[in-house]
Amino acid sequence: MTENRANSTAPVTAPQHSVEGFVKEFLRELHFGQGVTLERASVNDEYLALARTVREYLMARWLETVRRQRDAQAKSVAYLSAEYLLGRQLDNALIATDMTEIVEEGLASLGIELSTLREQEVEPGLGNGGLGRLAACFVDSLATMSVPCIGYGIRYEYGIFRQTFVDGFQVEQADTWLTLGAPWEFPHPEAAVTVHFGGSTERYTDDDGVERTRWVPAWDVLGVPYNYMVPGYQNGRVNTLRLWSARATKAFDLAIFNSGEYVDAVRAQTFAENISKVLYPEDSTPQGKELRLQQQYFFVACSIRDFVDNVLPADFDLHNLPDRIIFQLNDTHPVIAVPELMRILVDEKKWDWDEAWAVTQKCFAYTCHTLLPEALEVWPVALLGKLLPRHLEIIYRINDDFLAEVAQRYPGDELRLRRMSIIAEYPERSVRMAFLATVAGAKVNGVAALHSQLLRDKVLPDFSEYWPDKFTNVTNGVTPRRFVRLANPALSELITDAIGPGWLTDLARLREMEPLADDAEFREKFRAVKAHNKQRLSALLQRRDGITLPGDAMLDVMVKRLHEYKRQTLKVLHIVSLYERIISGELDPTSIPPRVFAFGAKAAPGYKMAKQTIALINHVGRVVNDDPRVKGALTVVFPPNYNVTLAETLIPAADLSEQISLAGKEASGTGNMKFALNGALTIGTDDGANVEIRELVGDENFFLFGLVEPEVDALVTAGYHPSSYYEENPTLRRAIDRIASGAFAGGDRTVFEPIVSNLLHEDRFLVLADFQAYLDAQDRVDAAYRDTEAWTRSAILNVARSGYFSSDRAMWDYIDRIWHSQPLAAR
Ligand code: NBY
């Protein structure tokens with residue numbers, strides 16, 4: 001049967017790569033896919049037909065890529081990530097297939113504008129921020145590099161919430177990204193996988209007389225795979241992203257049919273489907289919620305099962321698993337995959353423990369994305385044992401074996417054993433997921449040089465002493481396809497005119513632009529690109545939010561999740577200080593370059609201080625923007641619902657990139673890279689990947705300020721007293737007093753009191769300690785901006801020297817240092 005099929009399979013061919021070929025296919029999709037004629041088609045009909053048409057151009061490549069990867073039996077990367085912040089798909093598919101012009105022309109011949117249809121797409125916001133966006137950049141790069149990769153994750157029905165502002169305060173709305181149709185996904189309900197939960201374990205003697213354990217679960221759900229195409233950039237490859245959606249199992253359906261308890265049965269079904277219902281919007285403080293653990297186990301159990309049963313050949317000997325797969329753990333969220341693989345090998349395949357552990361240890365690698373101790377995931381033993389009793393036993397055994405080894409190397413060192421135990425005893429008995437990942441992983445990496453160093457020295461010092469070679473660094477990167485080519489067509493054209501198109505897949509070649517920084521004509525063109533991008537942003541903000549941007553101003557941008565360690569508050573203090581100095585007559589508003597301060601930030605819904613900060617920014621904005629004394633020198637804008645789509649227009653327009661986290665707290669940052677690549681200069685601390693950006697672009701093209709990490713450490717150890725900065729620095733005092741006075745809250749002193757008192761009495765992230773250094777650096781920015789030619793020169797050098805921050809380079813580093821996989825041979 002299969003033989004026959006193989007022989008008779010007709011080749012899959014794409015529609016003709018021409019305007020006529022496209023138009024024919026598009027109309028066919030409109031008529032037969034959407035069931036409407038052109039006269040009666042809505043914009044959404046047209047968008048869906050277009051998406052399906054473009055997807056047809058990718059289909060033959062997709063099927064061929066899957067076939068080749070199967071045949072080659074090459075090692076694959078399985079990227080396990082609870083989040084993928086993909087952004088819109090249409091434009092990316094168009095540039096990957098080189099179809100943009102054909103589609104533009106074809107649609108125009110039907111009286112349709114491509115730009116109108118583009119706007120119709122709702123981005124899949126299946127991630128919180130940097131970590132989720134990084135996963136999306138990585139799968140893009142692997143496809144472009146022809147490396148076999150499957151991205152595994154969760155198809156949340158509701159992604160990251162849509163942010164609105166009511167009276168300046170954040171109000172969250174459900175993200176209904178699926179309601180108008182999801183043309184980019186391919187559901188396969190027939191390939192659903194069963195996942196078990198709860199119950200207990202029992203011992204038994206198997207047929208060979210061996211004592212074994214089995215899990216007797218209490219309930220189960222189905223995981224339905226939804227496949228997404230991940231097109232490589234103009235290389236004929238399309239990899240797969242497989243996101244899992246939870247459904248009730250047959251058992252529930254039967255219950256509905258038999259029990260007569262119809263309403264209860266439906267409730268049970270809803271319960272099952274809740275698992276993939278919503279993305280947790282906490283971006284750094286994990287909440288030990290049961291549903292979240294269910295999500296984590298759900299998607300990794302589906303993914304391992306899928307790889308073992310469907311991707312590998314039926315007769316595959318799992319002893320060779322490490323030759324065919326590396327599971328890359330994107331933070332600790334998928335770490336429950338470790339005991340799951342052990343359970344499959346020991347309980348289901350009936351291997352010896354040691355045999356299973358030897359294979360498992362070669363199949364995983366772990367990436368850590370944080371340094372904040374409160375961000376390290378721990379699961380209470382009580383919860384884990386209730387939901388996954390067998391996995392808990394396996395974790396205990398892994399821990400016992402590991403601690404026995406440690407005890408052998410360090411006899412009598414009880415304290416060390418307690419420090420290194422995967423099981424924490426206080427404040428409640430729980431599993432430290434980062435430790436489990438470190439013990440099980442073949443490699444552990446941080447995401448920027450400084451972060452990896454601090455990870456070794458501060459977060460996991462005992463482990464890096466125990467396994468020095470296990471630890472490595474891979475500095476993050478971003479995809480130049482989405483964040484330069486797609487987001488900044490004007491700059492892309494300028495670059496391609498100057499050095500040819502090769503930079504898009506070999507970003508280090510941007511270096512070839514360096515001499516052009518000294519070419520006055522090129523600088524003129526570069527400025528024209530920036531001006532064009534500012535107009536494009538201005539039009540978007542007008543349309544999207546009714547925000548009007550002033551014509552000619554420096555665009556100073558801070559976009560990232562709202563978090564205290566990122567210090568949006570420091571930026572607010574800068575604005576308030578300028579404002580206060582202007583209205584008190586100390587600062588002549590015409591003496592500084594006009595600036596637009598743009599913010600974009602979502603706060604976790606339960607994070608009070610972050611939500612207050614959002615309100616403060618909006619309230620300061622309202623007062624400053626309305627005050628005639630400021631004479632347009634300062635404008636604050638805060639478009640709601642910052643997401644990938646907005647980033648694509650905002651970043652290319654920016655002059656100044658704010659990367660002002662407290663040194664030692666931001667693991668890497670990736671926004672910082674996007675800005676530099678789009679010709680913004682950075683004002684930043686010595687933190688995360690800022691360190692490497694500054695080294696590459698040069699000190700003279702970067703505005704560095706603030707304490708360095710060892711100074712932060714020393715200051716905190718010595719005892720930090722924020723109020724002393726307030727008392728000793730009149731500029732700071734006046735800024736804080738103005739906020740405290742209620743001037744930004746209609747005279748109400750209570751509204752922002754928590755922020756003020758936090759700054760004065762706690763200030764965990766040393767905002768006040770860095771305040772003056774930040775203001776001084778901003779004065780240097782103003783001075784530099786006045787010299788237009790020198791500023792442009794710096795901006796060009798930022799672009800030319802940032803090629804290192806391509807996610808392609810990051811992927812090569814993972815291949816060399818961690819995966820040791822080979823890309824498929826070129827065709
Ligand atoms: O990962 C970010 C880091 O803060 C940033 O410095 C780095 O550049 C980026 C990529 O490596 N981390 C991040 O975005 N983390 C999360 O989004 C996140 C999401 C969920 C949870 C924790 C962290 N959680 O526990 O639920």
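Tutor: A polar contact is a pair of N or O atoms within 3.5 Å; within protein, one atom must be able to donate a hydrogen and the other to accept it, and sequence neighbours count only through two side-chain atoms. This is a predicted model, where local features need pLDDT of at least 70, side-chain atom pairs need pLDDT 80 or more, and totals for chains, interfaces and linings use all residues. Residues are numbered from 1 along each chain as its sequence is written, and side-chain values use heavy atoms, without hydrogens and water.

Student: How far is the backbone N or O atom of Gly130 from an oxygen atom of the ligand?

Tutor: Gly130 uses a backbone atom here. Its partner is a ligand oxygen, and the distance is 3.3 Å.

Student: Which residue places a side-chain N or O atom 2.8 Å from an oxygen atom of the ligand?

Tutor: Look first at the backbone: an N or O atom of Gly669 lies 2.7 Å from a ligand oxygen. The side-chain contact at 2.8 Å belongs to Arg292.

Student: How much of the accessible area of the ligand does the protein cover?

Tutor: Take the ligand on its own: its accessible area is 560 Å², by the Shrake-Rupley method with a 1.4 Å probe. The protein covers 93%.

Student: Which helix gives the most to the shell around the ligand?

Tutor: The shell holds 20 residues, each with a heavy atom within 4 Å of the ligand. Asp283, Arg292, His369, Glu666 and Gly669 are the closest. With three residues, the top helix (H or I in DSSP, at least four residues; strands are E, at least two) spans 130-144 and is helix 7.

Student: How many residues of the shell are charged?

Tutor: Domain 1 (73-88 + 123-475 + 813-819) and domain 2 (530-799) each supply at least three shell residues. By class, six are nonpolar and nine polar. The charged residues number five.

Student: What type of aromatic pair do Phe402 and Trp467 form?

Tutor: Rings of Phe, Tyr and Trp (its six-membered ring) pair with centres within 6.5 Å; planes under 30 degrees apart are stacked, over 60 edge-to-face, the rest tilted. The structure has 25 such pairs. Here the centres are 5.4 Å apart and the planes differ by 25°, so the pair is stacked.

Student: How many residues apart are Phe402 and Trp467?

Tutor: Phe402 sits in helix 15 (residues 389-409). Trp467 is in the loop between helix 19 (461-466) and strand 19 (471-473). The pair links distant parts of the chain, with a separation of 65 residues.

Student: Is Phe402 buried or exposed?

Tutor: Buried means under 20% relative accessible area, exposed over 50%, partly exposed in between (1.4 Å probe, protein chains only). Trp467, at 19%, counts as buried. Phe402 has 3%, so Phe402 is buried.

Student: What type of pair do the rings of Tyr579 and Phe744 form?

Tutor: Both residues are buried. Their ring centres are 6.2 Å apart. The planes meet at 50°, so the pair is tilted.

Student: Which residue does a cis peptide bond join to Tyr426?

Tutor: Most peptide bonds are trans. Omega is about -5° at this bond. The partner lies in the loop between strand 16 (423-424) and strand 17 (430-432); it is Pro427.

Student: What is the relative accessible area of Asp331?

Tutor: Asp331 has a positive phi, near 65°, without being a glycine. It lies in the loop between strand 13 (325-330) and helix 12 (337-348). Asp331 is buried, because its relative accessible area is 7%.

Conventions. Nonpolar A, V, L, I, M, F, W, Y, C, P; charged D, E, K, R; others polar. Domains from an automatic or database assignment.
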